[in-house]
Amino acid sequence: MTAPTPETAENSDRARASLEALRTEIAKAVVGQDPAVTGLVVALLCRGHVLLEGVPGVAKTLLVRALAASLELDTKRVQFTPDLMPSDVTGSLVYDTRSSEFSFQPGPVFTNLLLADEINRTPPKTQSSLLEAMEERQVTVDGTPRPLPEPFLVAATQNPVEYEGTYPLPEAQLDRFLLKLTVPLPSRDDEINVLTRHADGFDPRDLRAAGVRPVAGLADLEAARRAVATTSVSAEIAGYVVDICRATRESPSLALGVSPRGATALLSTARAWAWLTGRDYVLPDDVKALALPTLRHRVQLRPEAEMEGVTADSVINAILAHVPAPSLRQ
């Protein structure tokens, strides 16, 4: 690979510093969710989408809003309900009585950061309305494709404990999410911190009053994406990623293993993480660090394994412990 010029290296360092500041800025509003914050930054670098899973009240919505405010991006929220129609997400043609013509009224999907709240509560027809937007970065209405803004990221949430009246996402749609991030309940100290902030007047609906300000722009994000694209991947690392994904297809606990799309996703997220940590090459530890959030939603447990208490995370962790990591010289 061609060595980076001093100017390119300087731009890369500046972009990395901006994204590090982004993570610090989000922490002004969101307490104790550093892995989820990092996951959203990785998804932005990889042009991917994120599925956030956690019980109500753990700051999933606030996390996305704080990210948008720190990047000064447009964001919209859609509450997915059983009566939500596809046109409520994508937009529709509206008859204009003044011009006697139909005009397109854009839906909330025309934004930079779309928060799809409780996506599993809406029927499959409406869920599928996001597929084209997520994969093709466009929406087709009445045969006319309309491009979405850039950057574009879908952050969809779902509640892991209450499944009454829900429509589980099919495997084909789950595979379109780059990462599945779990947003856990905070630790005791973090929860005390949250309460102290609220007692001191913190209002989650007013992020500017909380001190959250834009610290990175689109130019920084584009420079970061270019730098990630030049991060070196050795043949050994590529083979390691493939071996991990192939092991999921052979696991006796899994009915469905990771597809080649999942393997490319793991390689992409590992490259982004390597760059964020200050390296221009990928190590096996980078692959391990992103394996769970990148792969956990791409596998399907066998019913008998699920009854025995086996989880997707435990299977992937066992595979990571079993598949030998390559020894690299840098």
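## Overall architecture

The protein comprises 14 helices and 11 strands, where helices (H or I, at least four residues) and strands (E, at least two) are DSSP runs numbered from the N terminus. The model is predicted: local features need pLDDT of at least 70, side-chain atom pairs count only at pLDDT 80 or more, and totals for chains, interfaces and linings use all residues. Residues are numbered from 1 along each chain as its sequence is written, and side-chain values use heavy atoms, with hydrogens and water left out.

The radius of gyration of the protein is 21 Å, which agrees with the value near 20 Å for a compact globule of 330 residues; the radius is taken over C-alpha atoms, and the globule rule is 2.2 Å times the number of residues to the power 0.38. The C-alpha trace spans about 70 × 55 × 50 Å along its principal axes.

## Burial, contacts and surface

Of the 330 residues, 46% count as buried. Buried denotes a relative accessible area under 20%, exposed one over 50%, and partly exposed the range in between (1.4 Å probe, protein chains only). Among contacts between residues at least 6 apart in sequence, 79% join residues at least 24 apart, a contact being heavy atoms within 4.5 Å.

The accessible surface comes to about 16200 Å², and 53% of it belongs to carbon and sulfur atoms. These areas come from the Shrake-Rupley method with a 1.4 Å probe; for residues, only the protein chains shown count as cover. The side chains include 33 positive and 42 negative ones, and the centres of the two sets lie 3 Å apart. In this count Lys and Arg are positive and Asp and Glu negative, while His and the chain ends are not counted; each charge is placed at NZ of Lys, CZ of Arg, CG of Asp or CD of Glu.

## Aromatic pair

The structure holds one aromatic pair. It is formed by F104 and F110 in an edge-to-face arrangement, 5.7 Å centre to centre with 70° between the planes. Rings of Phe, Tyr and Trp (its six-membered ring) pair if their centres lie within 6.5 Å; planes under 30 degrees apart count as stacked, over 60 as edge-to-face and the rest as tilted. F110 counts as buried because its relative accessibility is 16%.

## Backbone features in loops

The peptide bond from E150 to P151 is cis, with omega near 0°. P151 belongs to the loop between β7 (144-147) and β8 (153-158).

Positive phi values occur at A59, about 75°, and at R137, about 60°, although neither A59 nor R137 is a glycine. A59 is located in the loop between β1 (50-53) and α3 (60-71), and its relative accessible area of 27% makes A59 partly exposed. R137 lies in the loop between α6 (129-136) and β6 (138-141).

## Environments of P170 and G262

P170 is situated in the loop between β8 and α7 (171-174). With a relative accessible area of 37%, P170 is partly exposed. P170 and T122 are 48 residues apart along the chain, and their C-alpha atoms are separated by 13 Å.

G262 is part of helix α11 (residues 260-276) and counts as buried, at 0% relative accessibility. Not counting residues up to four places away in sequence, G262 touches T294, L295 and R298. From G262 to T166 the C-alpha separation is 25 Å, with their positions 96 residues apart in sequence numbering.
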